[in-house]
Structures are given as C-alpha cells and as structure tokens.
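Student: I would like a close look at a single part of this model, taken slowly and with its surroundings included. Please choose one helix and work outward from there.

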Amino acid sequence: MASQPYIARADIIAVYGEKKIAHLTDADVARSEQMIARASESVGEWIDASLRGRYVLPLKNVPGVVRDIALALVFLELHQHEPSAQVTTKAAEAKERLRTIARGSVVLDLPRIKAQESDGGGCSVAPSRAPVFTPARLRGYVS
C-alpha cells in the first residue's frame, strides 16, 4: 500500500533551493524528481507506520510538525554522498520527534483511532505445573 505524500517536490525546493537539490542528487531535473518521489514515499511509509494504530490514516490535514519531520528525513535520503553533521543531527531530531508522537508523548490534533473492545480472544492462560525447585527439594544443595 502506497503511503500518502507528506511533502512535495515544491516543499523541498522552497526550503533548500533547486541548485542544492540538484547538487545533492547529482542528477538532472527529471532524475531528481524521481529521487525525491522515491525518498518521499519511503519516508511517508515510516511516518504512516509510526502513526498507524494511533491516528486515522490517511491524514486529511498534515500538521506542520509531521511535514517538518518528513522534510528533514527526505532531505537526508537525497544525499548521494556523506551528509553534514548538521543534516544528520536534524534528521535524528526528526526521528526522535516521530518516536514521541508514536509513543503518545506528543499528541497531534488529528482524528484518533478508537480503542477496540476486546472479548479476551487471542490470549489464553494455561495452568502451570507444580514448581520444580521448592525449598524441600533444594535442601542439602543450597545453604
């Protein structure tokens, strides 16, 4: 299943500029567009996986914080050579923000998934056997 795009090529160009993206991707405009689309889809899948189970997907309105996370991660993926420490740090911070959203430490103003009521199915408890290591059986082995 394809994820929704959280950012578009225009978003990346608006922040970083056409020259910077062309330099990063070592490609012409057509190839650069393909690379942006591939990176955007990959990042979108990670974001969807992080939000799934907590928020209704696809998101009708993408919050700015999610857009910023996607922008930082796509920019990192576009690097064909070693990214700078600043780019790596910004991407690590974006991943941590995504984790805090996934854990529920940060709550987005979005429609949430309602908790499903469980009938207890899918989990069973088996009675345990009599304990093997009892004080009486260990007498003489343990002081």
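Tutor: The buried residues of helix H3 pack against four other helices, namely H1 (9-16), H2 (18-25), H4 (64-78) and H5 (85-103), and since this is a predicted model, the values that follow are all computed from its atoms. H3 itself spans residues 29-51, which gives it 23 residues, and it reaches 32 Å from its first C-alpha to its last, close to the 33 Å expected at 1.5 Å a residue. The residues of H3 that are buried are Ser32, Met35, Ile36, Ala39, Ser40, Val43, Gly44, Ile47, Asp48, Ser50 and Leu51. The spacing in such a list can be read against the geometry of the helix: an α-helix has 3.6 residues a turn, so residues three or four places apart point the same way.

Valine 43, which belongs to helix H3, is a useful place to begin. With a relative accessible area of 3%, valine 43 counts as buried, because the cut-off for that word is under 20%. Once residues up to four places away in sequence are set aside, valine 43 touches Ala70, Leu73, Val74 and Glu77. Between valine 43 and isoleucine 69 the separation is 26 residues in sequence and 9.1 Å in space, taken C-alpha to C-alpha.

Isoleucine 69 sits in helix H4 and is buried as well, with a relative accessible area of 1%. Its C-alpha lies 8.7 Å from that of isoleucine 47, a residue 22 positions away in sequence. Beyond its neighbours within four places in sequence, isoleucine 69 is in contact with Ile47, Ala94, Arg97, Leu98 and Ile101.

Tryptophan 46 gives a contrasting case within helix H3. Its relative accessibility is 61%, and tryptophan 46 therefore counts as exposed, the cut-off for which is over 50%. Tryptophan 46 and leucine 98 are 52 residues apart in sequence, while their C-alpha atoms are 9.3 Å apart in space.

Leucine 51 is one of the buried residues of H3, and its contacts, apart from neighbours within four places in sequence, are with Tyr6, Leu57, Leu59, Ile101 and Leu108. After H3 comes glycine 53, whose phi is positive, near 90°. Proline 58 lies in the loop between H3 and H4, and the peptide bond that leads from leucine 57 to proline 58 is cis, with omega near 0°.

Helix H2 is among the partners of H3, and its own buried residues are Ile21, Leu24 and Thr25. These cover an arc of only 85° around the axis, which means that they lie on the same side of H2. Lys19 and His23, on the other side of H2, are exposed. The buried residues of H2 pack against H1, H3 and H4, and aspartate 26, which follows H2, has a positive phi near 50°.

The wider setting can now be added. The largest nonpolar core has 32 residues, and those that touch the most other members are Tyr6, Ile12, Ile21, Ile47, Leu51 and Leu78. H1, H2, H3, H4 and H5 are the elements that give two or more residues to this core, and the largest share, 9 residues, comes from H4.

Two of the partner helices are also linked through their aromatic rings, in a chain where the count of aromatic pairs comes to 1. Tyrosine 16 and phenylalanine 75 make up that pair, which is stacked, with 3.6 Å from centre to centre and 5° between the planes. Because tyrosine 16 lies in helix H1 and phenylalanine 75 in helix H4, the pair ties together parts that are 59 residues apart in sequence. Phenylalanine 75 is buried, its relative accessible area being 5%.

For the chain as a whole, there are 6 helices and 0 strands. Buried residues make up 31% of its 143 residues, and the accessible surface comes to about 10,100 Å², of which 55% belongs to carbon and sulfur atoms. Among contacts with a separation of 6 or more, 75% are between residues 24 or more positions apart.

Conventions
Residues numbered from 1 in each chain as written. Predicted model: local features only at pLDDT ≥ 70, side-chain atom pairs only at ≥ 80, totals over all residues. Heavy atoms only, no water. Expected span 1.5 Å × (residues − 1). Buried < 20%, exposed > 50% of the residue type's maximum accessible area, 1.4 Å probe, protein only. Contact = heavy atoms within 4.5 Å. Phe/Tyr/Trp six-rings, centres within 6.5 Å; stacked < 30°, edge-to-face > 60°. Areas by Shrake-Rupley, 256 points an atom, 1.4 Å probe, with all protein chains shown as cover. Core = buried A, V, L, I, M, F, W, Y, C linked by side-chain atoms within 4.5 Å. Arc of directions from axis to C-beta.
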